[in-house]
Amino acid sequence: MPHSRNIALTVNGERYEREVEVRLMLADFLRHHLGLTGTHLGCEHGVCGACTILLDGRSARSCLLLAVQCDGHDVMTVEGIAPSADALHPLQEAFRDHHGLQCGFCTPGMLTTLIEFLRENPDPTEEEVRIAISGNLCRCTGYQGIVAAALDAAKRMQAAPA
Amino acid sequence: MKPPPFEYHDPRTEAEVVGLLARLDNAKLLAGGQSLMPMLNMRYVLPDHVIDLNRVEGLSYIREAEGALEIGALTRQRDLEFSDLVRTRCPLMHEAVRQVGHRQTRNRGTIGGSLGHLDPAAELVTVATALDAIVTVAGPTGRREVPFAEFPAGFMMPSIALDEFITAVRIPLWRSDHGFAFVEFARRHGDFAIVSAAAMLEADGSGRPARASVTIGGATIAPQRMRDIEQGLVGQTLSQQLFRDLCESCRALEAIDDIHAPAAYRQHLAVVLSRRALQAAHARLNGTAVLPKRH
Ligand code: FES
Ligand code: FES
């Protein structure tokens, strides 16, 4: 395939090597090629935030990145947040306890965004949380539970730093 | 949605980019991808070639030299937001960049990409207009500099040839005790502004403005310097009444009329926002121009 390339990248700590079409977006690479369907696609043009991943530790919309651009880089998806298969991250626990999700469609993007945010700002105000998730749309919760979960997660993470 | 098929190039040097641009037809430059990628996904653009600038070395930096800030074209908006140099030396840009999109888009979006895309409502385009930025472009005959007043050739049309690309932007600095403000009206946090206003004031010994810059973004096909307001401020005793009187001239702007807002509404916003920006810039005048650190 002339429009294909071999890429090697790390996703959630695991190294992958694949041949991909150069026009393949990162979100489709994660979902269809690696089977990591936790990353959701809502709008595919950079508006809803559901597809948010961390690229080299920074949140980014995976529908606006080509898989080839991630050659040699480090990606973290929602699947990489929990410390193990049978334990949740304190942020995920807080989402469960505060009804931070209903259908769960927006949740992967909320979690990845908040992981970056709470790392930079471990003791945020409610307004700062609302600004942090302003690029993530949720049709279900009205955001109240999400904001409460983020604030509580900040406390939990300060009490028991990961 | 899938981008259409294209050939992908990821050059490592400025010279390679220039070489590719000279050789390839129907090529698009990919910087932060926050505008081009949605356009590709929706197939608004059908390039035969995509030239990815993200691996070109030496295009990401912020430094101060000879009374100006020099910023590499691939510098991310998020790096501008967290740069102490930008915050302390060019606080107007700091205040504006915090209103650009969302953290996920600022992590990727670049200053060169914003300026090259030239959306009239983009905060950084308005800031570049307000600050008389100078854009450096590289092409087959080397580098040349374009003053921002000559940069827009039309609606979203920068005066850059097809075989040229933006490598850097230089922002001449104002005295550190200047007053500044960037205000905008958008329907949702992070949206493009329907209208924005940037104001800067520098005082003479008696506290009256020796220099003023007032820019309206989003109202017209490219951000517009309001020269009559600027001239009306210089040497005057500043007052609410003066701002009120001068800013009325924004009602005569040749405003855009589209699904987001009718022209008359944009003109009205321009009047109100230019006044608010001047009031805020005045309040900061002779204080310290530095904005507080966030977090
Ligand atoms: S799917 Fe990427 S932002 Fe909506
Ligand atoms: S929980 Fe359904 S969209 Fe947010």
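Student: How much area do chain A and chain B bury between them?
Tutor: About 2,900 Å² in this predicted model, and 50% of it is on carbon and sulfur atoms.

Student: Which three residues of chain A supply the most of what chain A buries against chain B?
Tutor: Those are Arg23(A), Arg58(A) and Leu64(A). Together they supply 22% of the area that chain A buries there, more than any other three residues.

Student: And how many residues does each chain bring to the contact?
Tutor: Chain A brings 34 residues and chain B brings 32 residues.

Student: How many salt bridges are there across the interface?
Tutor: The rule finds six between chain A and chain B. One of them joins Arg103(B) to Glu120(A), with their closest N and O atoms 3.1 Å apart.

Student: OK, new topic. What's the strand order in the open sheet of chain B?
Tutor: This sheet has five strands, ordered S4-S5-S10-S6-S7, and the pairing is antiparallel. At the edges sit S4 (62-65) and S7 (142-147) of chain B, each pairing on one side only. On average, neighbouring strands are turned by 25° against each other, direction ignored.

Student: How many bridges join S4(B) to S5(B)?
Tutor: Four bridges join S4(B) to S5(B), which covers residues 68-72. For example, Ala65(B) has Ala68(B) in S5(B) as its bridge partner.

Student: Which strands does helix H1 of chain B lie across?
Tutor: H1(B), residues 14-23, lies across S6 (134-139), S7 and S10 (165-172) of chain B. The helix runs at about 125° to S10(B).

Student: Which residues of H1(B) are buried?
Tutor: Val17(B), Val18(B), Leu20(B) and Leu21(B) are buried. They cover an arc of only 165° around the axis, so they are on the same side of H1(B). On the other side, Ala15(B), Ala22(B) and Arg23(B) are exposed.

Student: What covers the buried ones?
Tutor: The cover includes S1 (7-9), S2 (27-30), S3 (49-52), S6 and S10 of chain B.

Student: Last thing, over in chain A: where does Ala82(A) lie?
Tutor: Ala82(A) is in the loop between strand S5 (74-76) and helix H2 (90-97) of chain A.

Student: Why does Ala82(A) count as partly exposed?
Tutor: Because its relative accessibility is 24%, and partly exposed means between the 20% and 50% cut-offs.

Student: What is Ala82(A) in contact with, leaving aside neighbours within four places in sequence?
Tutor: Ala82(A) is in contact with Ala87(A), Leu88(A), His89(A) and Gln92(A). As for Glu93(A), 11 residues apart from Ala82(A) along the chain, the two C-alpha atoms are separated by 9.9 Å.

Technical notes: Residues numbered from 1 in each chain as written. Chains lettered and ligands numbered in written order. Predicted model: local features only at pLDDT ≥ 70, side-chain atom pairs only at ≥ 80, totals over all residues. Heavy atoms only, no water. Pairing = 2+ DSSP bridges. Helix = DSSP H or I, 4+ residues; strand = E, 2+ residues; numbered from the N terminus. Axes fitted to C-alpha atoms, helices over the stretch in contact; angles between N-to-C directions. Contact = heavy atoms within 4.5 Å. Buried < 20%, exposed > 50% of the residue type's maximum accessible area, 1.4 Å probe, protein only. Arc of directions from axis to C-beta. Buried area = accessible area lost by both parts, 1.4 Å probe. Salt bridge = Lys/Arg side-chain N within 4 Å of Asp/Glu carboxyl O.
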